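This report covers one strand and its neighbours, the surroundings of a ligand, and a set of salt bridges.

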Amino acid sequence: MSITKHVNPHVMKVSPYQPGRPIEEVARELGLEPDSIIKLASNESPLGPSPKAVRAMKKACSEMHRYPDGGAFYLRKRISEHYGFPPDYFIFGCGSNELIEFIGHSFLYNGVSAVMSERAFVIYKIICGMFGAEAVEVPMKGLTHDLKAMLKAIRADTRVVFICNPNNPTGTMVKDKDVRKFMAEVPDDVLVVFDEAYAEICYKKMPDTLSYVREKRNVIVLRSFSKAYGLAGLRVGYGIAKPEIIQLLEKPRQPFNVNSMAQIAAAAALDDQGFVRRSRRLYKKGAQQITDACLEMGLEFEPPVANFMLIKVGNGFEVFNELQKKGVIVRPMAPYKLPEWIRISIGTEPENARFISALKTIVS
Ligand SMILES: Cc1ncc(COP(=O)(O)O)c(C=O)c1O
């Protein structure tokens, strides 16, 4: 007898997330050498992990027989100093993705809704589905969140609004003045989630969302060690909110959700602001390199603000496949209803050059 009929009907309806393809998988499939492939598909750090984090991890190897500190005491202390918020303003997750799941556990269920942009980070919609809440998807203004329309979409049953800034995958940003207008009107019993996974490497001015945390509004700011500090493989992210919200999100958290190595690396990485500055400079330069190439090829693109950008290439899936055959992994955007676009993560100068030359041969 099939066990399927006993599955939670909400879970049954969920389509799993499709991540960027790993280098080894593409190498096996296409018979290529893994070393000959570049992956510009998951907005990872092309500079590797923060060197200070690597040194701290090497030292910590012989302590891995111990369970992690469930309260992340040391990381909490360091991050509290870094941001100037008390330690009880933070919650840690196995990546910031897990924090989105905690928000689902604590606030989303059958009969309530969450408002998001139609082309926002897809995990919000998946989490809504998992918990049986309705995902109210609001059309964008071009490829940017339309905060006015999102405000109008809030209903009596809305518990959460997700604002992804800069938005993955479109790479667009909402401005501080628009966020301020939104925050002036949003009902106070709605939790506003600012997903800022790219905040530190963003080279355009970010809205000051931490000011709403300071004012003790019903807001949580999500950030990650995956992007700016190059620790995506360790899975560590965090949320910043007033203690009342943190305590509600702590309820579904498993005691050892963030492993010891991740805690040690993340704390050390906070001392590596030089690495963050180097990364930001690299992305800004790389963005210019790819932008110039798009202009030369006459391709439409969304001006980048962090470490990824959207390019309109015609048939996005075909171009993704052709690039893959040439050993360059990017992301087709059809799942975001942008079939003509691909998303490219900005790499090192030679990686960007290789992408550009491969793209030129395909689109010419
Ligand atoms: C907007 C956004 N939020 C959250 C995440 C998840 O990041 P993490 O690696 O911290 O789980 C990503 C990852 O790509 C992202 O783009």
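The text below describes a predicted model, starting with a strand and ending with the charged pairs.

**Strand β3 and its partners**

Strand β3 covers residues 113-117, and five of its five residues are buried. In a regular strand the side chains alternate between the two faces of the sheet. On one side of β3 are Ser113, Val115 and Ser117, on the other Ala114 and Met116, and both faces are covered.

Two strands pair with β3. Strand β4 (residues 134-138) runs parallel to β3 and is joined to it by five bridges; within this pairing, Ser117 stands opposite Val138. Strand β5 (residues 158-164) is also parallel to β3, with three bridges between them. There, Ala114 of β3 has Val160 as its bridge partner. Helix α6 (residues 123-131) belongs with β3 and β4 to a β-α-β unit, and this unit is right-handed.

**Around the ligand**

The ligand is surrounded by 13 residues, of which Ser96, Asn168, Ser224, Ser226 and Arg235 come nearest. Ser96 places a backbone N or O atom 2.7 Å from an oxygen atom of the ligand. A polar backbone atom of Asn97 is 3.1 Å from a ligand oxygen atom. With Tyr198 the side chain is involved: one of its N or O atoms is 2.7 Å from an oxygen atom of the ligand. Taken alone, the ligand exposes 390 Å², and the protein buries 93% of that.

**Salt bridges**

The model has 19 salt bridges. Three of them are listed here with the distance between the closest N and O atoms.

| Residue | Partner | Closest N and O atoms |
|---|---|---|
| Glu44 | Lys39 | 3.1 Å |
| Asp176 | Arg180 | 2.8 Å |
| Lys325 | Glu322 | 3.0 Å |

Why are Asp176 and Arg180 separated by about one helical turn? They are four residues apart in helix α8 (residues 176-185), so about one turn of the helix lies between them. Asp176 is partly exposed, at a relative accessible area of 26%, and Arg180 is partly exposed as well, at 49%.

Lys325 and Glu322 are three residues apart, about one turn, and both lie in helix α13 (residues 316-325). Lys325 counts as exposed because its relative accessibility is 53% and the cut-off for exposed is over 50%. Glu322, at 29%, counts as partly exposed. Elsewhere, Lys77, Arg78, Glu81 and Asp271 are joined into one network by salt bridges that share partners.

Glu44, from the first row of the table, is partly exposed, with a relative accessible area of 33%.

Notes
Residues are numbered from 1 along each chain as its sequence is written. This is a predicted model: local features need pLDDT of at least 70, side-chain atom pairs count only at pLDDT 80 or more; totals for chains, interfaces and linings use all residues. Side-chain values use heavy atoms; hydrogens and water are left out. Buried means under 20% relative accessible area, exposed over 50%, partly exposed in between (1.4 Å probe, protein chains only). Two strands pair if DSSP finds at least two bridges between them. A crossover is right-handed if, with the strands pointing away from the viewer, the path from the first strand over the helix to the second runs clockwise. A residue is near a molecule or strand if one of its heavy atoms lies within 4 Å of it. A polar contact is a pair of N or O atoms within 3.5 Å; within protein, one must be able to donate a hydrogen and the other to accept it, and residues adjacent in sequence count only if both atoms are side-chain atoms. Accessible areas come from the Shrake-Rupley method with a 1.4 Å probe; for residues, only the protein chains shown count as cover. A salt bridge is a side-chain nitrogen of Lys or Arg within 4 Å of a carboxyl oxygen of Asp or Glu.
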